[in-house]
Every structure is written in C-alpha cells, then in structure tokens.
Amino acid sequence: MVEQITDKLGRPIRDLRLSVTDRCNFRCDYCMPKEIFGDDFVFLPKDELLSFDEMVRIAHVYTKLGVKKVRITGGEPLLRRDLDKLIYKLNQIERIEDIGLTTNGLLLKKHGQKLYDAGLRRINVSLDAIEDEVFQNINNRNIKASTILQQIDYAVSIGFQVKVNVVVQKGVNDNQILPMIQYFKEKEIEIRFIEFMDVGNDNGWDFSKVVTKDEMLEMIEKDFDIEAVKPKYYGEVAKYYKHKGTGAQFGLITSVSQSFCSTCTRARLSSDGKFYGCLFSTVDGFDVKSFMRDGATNAELLEQFKLLWNIRDDRYSDERTAQTVENRKRKKINMNYIGG
C-alpha cells in the first residue's frame, strides 16, 4: 500500500535521485573545475559510498511513499563498477515505473550493452557543445564532442532512448545552440538547453552568465519553424517545442528565469548517503547511510523518510536574488556529490 504524503508546500514525492559516485572523468568549470578537483583531489573511499543493496533498500522504502521514478546520477555514474547490477535490482522493485541515468556519455560503448540488458532504457547525455574545440575547453580533458556523438549513436543503435542536456553559459557555448538544434533535429533526438545555475560552491556563477529561456527561444525562432508542446506530466521541468512537420522536439529548462520549485517532486541521496530535499541545499543532509548502518529497520526508515519530506520547504530558485546567491556562497553541497 502506498501512503500519499506531501511536504510543507503541498508537493508530493515521486522521484528519487541516487548519486552513485562523486568521481568524474571530466573537469567542467561549472561542476568540477580542475583548479579545485586536481590530480591529487581525494574522493570518497568505497566504504563511505552507499552499497547497491543499501540503495535498493532505500528505493524500495521510498516506493511506499509514492516514488515511481529513479534516476542514477554522479559524478559520472558509469565510473561506478558493476552499475548494471544496481539497475537490475532496481528493476525488480514492483512500484518503480521508470529508471533513468544521467551520464557524460564517454563510457557508453564500454558499458551500454550491459546496462541495457539489465533493463535500463533511458539515458540523458550531458553535452555542452557540438564543436570539438568548444567542448574541449569546457570539459578540460581534451575530449572531443565528436567522440561523445559517436557514443550517442551507439546507445541509440542498441535501443536506448537518449536525451541530450546542454548547460548554456553566455559567451562560452551559447553559439552552440543553433548548430546543436539542427544536428539533433536531423537525428530526431531530443535536446534540452538548461539555464546556467548556481549549483555547488565552485562554478563562479552570476546572473550575467545566464542565457534565459526567452533569449534562447528568440534565437531559435529566427532559424527554425517551431511550436509549443503541452506538458506531459506534473512537475515536468522543461518547456518543450517541436519542429513543425517533423517528430523532432527540444526543450528549454528555465531553472533561473522561471523556476519550477512549486512542482518539484524529487528526493535526493548524495554519493555519501545523505538525504537532500533540494539541489541547492545549504544545510547538512540527513545521514541515511549511518542511520541504516546503525541498525534502523525498514519501518524506522519509512518514518524517517516521511518526516524528512513532511518538513521539506525548499524553494531556493523561487527566492534566488543577488543577495541570496551571495549569502549561500561556499555553503551548498557540490554537484559531484548530488548530481544534476
């Protein structure tokens, strides 16, 4: 039996985001800048990560409170060994209707078939440019965009539904919007452009670097004949548009200019096993890992998860101002621990 619960703002819980590692093989400036995450940076040891069995237990308990979707994030989740085993176990949970994974795509040829065989069907690939030089300047690992495009083609060829996510920064990759729209229109792969957010502590964010949804839309409408698409479900974060006369569509995620806090249904588990009610959390999350390892029963986990959701009142993007951004600097959980 599913117990329907809501937080202080009346939002139900539907989605669980599981960060399976804090490690990544890219060093993108807006997430894990190389100046901070250098070659000597110490990542979490294995015993500080949630085990797959612990993640499955957490997911199973959350389904009793309304969770239907699970997304695997990181860091770069494909760096977590035997990830297909987690996917398989999550697929055995009766009330989970959808499992997705967010990846930079570099290791899809290496691990994609195993993940597909384990039951994974949906992948979001983060790709912030289609020109090699621009992309190399962003990832700081000399990885070419063409390499990731080949990985995407492979994933599609074995049956995955692929979406592409692009974080847009003014003066960095906003010149990539139109060529990426054209490329993925021809491939009939959905692409989503995300307004640059002040996630974590180290990405040097300010309002001047944001390209808003309206600015992107104005740019796109000059070159493409498009029309708006109605939302598919409650809490959908992207505003979708389709190319007239084709099945291709794209999305714009208005994380800054038109926040979607009022319909956020996501609970988040960081790679070190802490619960967070918001991507922009500033307080220490509740330590689910220690609670479990200290002997908590499933009934106790259920009551704790209910309490954490009942007291949730996060709505940072609704309240974001220059002052709140300044106040929260160096206090938010970093992106590589909590995922996007």
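Me: What makes a residue in the lining of the largest cavity count as nonpolar, polar or charged, and how many of each are there?
Reply: The lining splits into 6 nonpolar, 2 polar and 1 charged. Ala, Val, Leu, Ile, Met, Phe, Trp, Tyr, Cys and Pro are nonpolar, Asp, Glu, Lys and Arg charged, and the others polar. Lys-185 is on the lining list, so it goes in as charged. This is a predicted model, with pLDDT of at least 70 needed for local features and 80 or more for side-chain atom pairs, while totals for chains, interfaces and linings use all residues. Residues count from 1 along each chain as its sequence is written, and side-chain values use heavy atoms, with hydrogens and water left out.

Me: Why is the contact between Arg-11 and Asp-7 called a salt bridge?
Reply: Their closest N and O atoms sit 2.6 Å apart. A salt bridge needs a side-chain nitrogen of Lys or Arg within 4 Å of a carboxyl oxygen of Asp or Glu, so this pair qualifies.

Me: Are Arg-11 and Asp-7 buried or exposed, and how do you know?
Reply: Buried means under 20% relative accessible area, exposed over 50%, partly exposed in between (1.4 Å probe, protein chains only). Arg-11 comes in at 1% and Asp-7 at 5%, so both are buried.

Me: What about Glu-54 and Arg-293?
Reply: They also meet in a salt bridge, at 2.8 Å from N to O. Glu-54, at 13%, is buried, but Arg-293, at 41%, is partly exposed.

Me: And why does Lys-163 with Glu-190 make the cut?
Reply: Their closest N and O atoms are 3.5 Å apart, so the pair passes. Lys-163 is buried at 13%, and Glu-190 is buried at 14%.

Methods. 1 Å grid on protein atoms, 1.4 Å probe; cavity = no way out; pocket = protein on both sides within 12 Å on 5 of 7 lines; lining within 4 Å.
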